[in-house]
Amino acid sequence: MNKKWAAKRLTINLTSSEAQKLEQYCSMTGRPATDVIRELIRSLSTQGEKASQTY
């Protein structure tokens with residue numbers, strides 16, 4: 001495993017419909033699920049980010 005990504009391993013439980021949706025998206029885009037989930041996490045805003053965007 002690349003040490004750059006070895007900081008934290010996460011296991012998530014998905015419903016069958018969530019897993020199917022993720023698999024379909026990955027199939028359509030040709031991207032691995034890890035990359036898709038990582039991008040979604042990066043797009044989340046935190047409370048501190050919201051405050052700095054307001055000013």
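Asp-35 and Arg-38 form a salt bridge in which the closest N and O atoms are 3.2 Å apart, a salt bridge being a side-chain nitrogen of Lys or Arg within 4 Å of a carboxyl oxygen of Asp or Glu. The two residues are about one helical turn from each other because they lie 3 residues apart in helix H2 (residues 33–43); helices (H or I, at least four residues) and strands (E, at least two) are DSSP runs, numbered from the N terminus. Asp-35 is partly exposed, at 33% relative accessibility, and Arg-38 is likewise partly exposed, at 22%. Here buried means under 20% relative accessible area, exposed over 50%, and partly exposed in between (1.4 Å probe, protein chains only).

The structure described is a predicted model, in which local features need pLDDT of at least 70 and side-chain atom pairs count only at pLDDT 80 or more, while totals for chains, interfaces and linings use all residues. Residues are numbered from 1 along each chain as its sequence is written, and side-chain values use heavy atoms, with hydrogens and water left out. The mean pLDDT of the chain (the predictor's confidence in each residue, from 0 to 100) is 86, and 78% of the residues score at least 70. Among the elements, helix H1 (residues 16–29) has the highest mean pLDDT, 98, and helix H3 (residues 47–54) the lowest, 65. Where pLDDT is low, the predicted coordinates should not be read in detail.

The chain contains 3 helices and 0 strands, giving the pattern α-α-α along the sequence. Helix H1 comprises 14 residues, and the distance from its first C-alpha to its last is 20 Å, close to the 20 Å expected at 1.5 Å a residue; the expected span is 1.5 Å times one less than the number of residues. Gly-30, just after H1, adopts a positive phi of about 75 degrees. Pro-32 is located in the loop between H1 and H2 and is partly exposed, with a relative accessible area of 45%. The C-alpha atom of Pro-32 is separated by 9.6 Å from that of Leu-22, 10 residues away along the chain.

In total, the structure holds 2 salt bridges. Besides the Asp-35 pair, Arg-31 forms a salt bridge with Glu-39, with the closest N and O atoms 2.7 Å apart. Both partners are partly exposed, Arg-31 with a relative accessible area of 26% and Glu-39 with 43%.

Of the 55 residues in the chain, 5% are buried. The accessible surface amounts to about 5300 Å², and carbon and sulfur atoms account for 53% of that surface; areas come from the Shrake-Rupley method with a 1.4 Å probe, and for residues only the protein chains shown count as cover. Leu-10, Ile-12, Leu-14, Ile-41 and Leu-44 make a nonpolar surface patch of about 490 Å². Patches are made of residues with over 30% relative accessible area and no salt bridge, like charges being joined within 9 Å and nonpolar side chains (Val, Leu, Ile, Met, Phe, Trp, Tyr) within 5 Å. Within this patch, Ile-12 belongs to the segment before H1 and is partly exposed, at 43% relative accessibility.
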